[in-house]
Amino acid sequence: MNQMILKGENLSRRYEGDGVTVNALTDASFEIREREFVVVLGPSGSGKSTLLNLLGGMDCPSGGRLWYRDTELTEFSSDRLAVYRKDVVGFVFQFFNLIPSLTAAENVELAASIVKDPMDCKEVLKLVGLADRGNHFPSQLSGGEQQRVSIARAIVKNPGVLLCDEPTGALDSKNSIAVVRLLLEVRDRLGCPVVTITHNPEMARVADRVFHVKDGRIDRVADNPAPVPVEELEW
């Protein structure tokens with residue numbers, strides 16, 4: 001059995017203010033293992049973004065416990081969480097968040113410069129199919145190409161886990177399928193788990209497991225013993 005990478009035990013996140021309490025996530029228990037492609041599926045406001053933020057160390061739980069491998073993240077200070085985000089987690093965002101004044105290669109090189117053992121930037125750009133586009137600025141790239149730069153920026157860190165926030169949400173159907181294919185290739189190449197949140201049930205067809213999130217809870221976890229080829233996806 002593949003090694004456990006992330007584990008949550010009764011994980012909760014509660015927000016309070018102006019006399020109002022919002023339970024964004026309640027009693028979430030789960031395990032995510034190496035080489036898994038996990039899709040967190042649910043409508044807007046269901047709690048999936050809260051779960052991703054906790055996994056990435058961008059937020060702290062109000063209750064429960066969270067581990068990365070054998071290290072409990074819920075005991076970390078804000079400084080140690082910052083190191084965890086820098087050294088362990090690769091993030092892919094819906095709207096790319098590239099630095100417009102830097103070329104594609106420079107965006108990737110900047111991410112590589114902050115970690116101790118990065119991958120080779122040229123090899124990473126080749127992996128995402130942009131070996132000949134490294135000298136182009138984001139404004140000179142298509143949406144699909146910008147998202148591939150975003151993925152390259154995330155994986156050049158050689159992350160222990162890759163977290164994706166609606167990575168196809170700003171793309172057309174052709175580029176969406178290309179991005180999903182690339183994420184699966186990254187999973188196979190790096191061996192790290194890829195966790196993707198989405199409201200699109202079509203993406204669940206290629207997942208190893210699907211976390212169905214509803215009303216701030218993981219409503220159910222569905223194993224997918226036979227993920228379909230990416231080419232069968234319909235957007």
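Start by selecting Tyr15, which is partly exposed at a relative accessible area of 33%. You will find Tyr15 in strand β1, the run of residues 4-17. Keep in mind as you look around that this is a predicted model. Now add Val20 and Val22 to the selection: together with Tyr15 they make a nonpolar surface patch of about 250 Å². Tyr15 can join such a patch because its 33% relative accessible area passes the required 30%.

Stay on strand β1 and move to Asn10, which also has its place there. What is the sign of phi at Asn10? The angle is positive, near 50°, in a residue other than glycine. Most residues other than glycine have a negative phi. Asn10 counts as partly exposed, with 40% relative accessibility.

For another backbone stop of this kind, select Arg35. Its phi is positive too, about 65°, although Arg35 is not a glycine. Arg35 sits in the loop between β2 (20-33) and β3 (37-41), and it is partly exposed with a relative accessible area of 42%.

From Arg35, go to the pair Glu31 and Arg33. Show the side chains and you will see them meet in a salt bridge, with 2.7 Å from N to O. Glu31 counts as partly exposed at 27% relative accessibility.

Next, jump to Gln94, in the loop between β6 and α3. Is Gln94 buried or partly exposed? At 22% relative accessibility, Gln94 counts as partly exposed, because the buried class ends under 20%. If you would like to try the distance tool here, pick the C-alpha atoms of Gln94 and Pro43: these residues are 51 apart along the chain, and the atoms are separated by 16 Å.

Now for the pockets. The largest pocket holds about 240 Å³ of space. To centre your view on it, select Phe91, Ala111, Ile114, Arg153 and Lys157, which are the closest to the pocket's centre of the 15 residues that line it. Which helices and strands should you colour around this pocket? Try α2 (78-87), β6 (89-92), α3 (104-112) and α5 (143-155), as each of them supplies at least two residues of the lining. If you colour the lining by residue class, it shows 8 nonpolar, 3 polar and 4 charged residues.

The second largest pocket is the next stop, with a volume of about 150 Å³. Select its lining: Leu127, Val128, Arg148, Lys174, Asn175, Ala178, Arg181, Leu182 and Glu185. Which element gives the largest share of this lining? That is helix α6 (residues 173-190), with 6 residues. By class, this lining has 4 nonpolar, 1 polar and 4 charged residues.

While you are in this part of the model, select Gly144, which lies in helix α5. Gly144 is buried, with a relative accessible area of 2%. Add Val179 and draw a C-alpha to C-alpha line: the two residues are 35 apart in sequence and 7.5 Å apart in space.

The tour ends with more charged side chains. How many salt bridges does the model contain? The count comes to 12, and the Glu31 and Arg33 pair you visited earlier is a salt bridge as well. Select Arg187 and Asp188 and show their side chains: they meet in a salt bridge at 2.6 Å, N to O. The partners sit in different burial classes, since Arg187 is buried, with a relative accessible area of 11%, whereas Asp188 is partly exposed at 46%, the line between the classes being 20%. Add Asp208 to the selection, and you have a network of salt bridges that links Arg187, Asp188 and Asp208.

For the last stop, select Glu202 and Arg205. These two form a salt bridge, with their closest N and O atoms 2.6 Å apart. Glu202 is buried, with a relative accessible area of 15%, while Arg205 counts as partly exposed at 30% relative accessibility.

Key
Residues numbered from 1 in each chain as written. Predicted model: local features only at pLDDT ≥ 70, side-chain atom pairs only at ≥ 80, totals over all residues. Heavy atoms only, no water. Patch = residues over 30% accessible without salt bridge, like charges linked within 9 Å, V, L, I, M, F, W, Y side chains within 5 Å. Areas by Shrake-Rupley, 256 points an atom, 1.4 Å probe, with all protein chains shown as cover. Salt bridge = Lys/Arg side-chain N within 4 Å of Asp/Glu carboxyl O. Helix = DSSP H or I, 4+ residues; strand = E, 2+ residues; numbered from the N terminus. Buried < 20%, exposed > 50% of the residue type's maximum accessible area, 1.4 Å probe, protein only. 1 Å grid on protein atoms, 1.4 Å probe; cavity = no way out; pocket = protein on both sides within 12 Å on 5 of 7 lines; lining within 4 Å. Points joined across faces, edges and corners; volume = space filled by probe spheres on them. Nonpolar A, V, L, I, M, F, W, Y, C, P; charged D, E, K, R; others polar.
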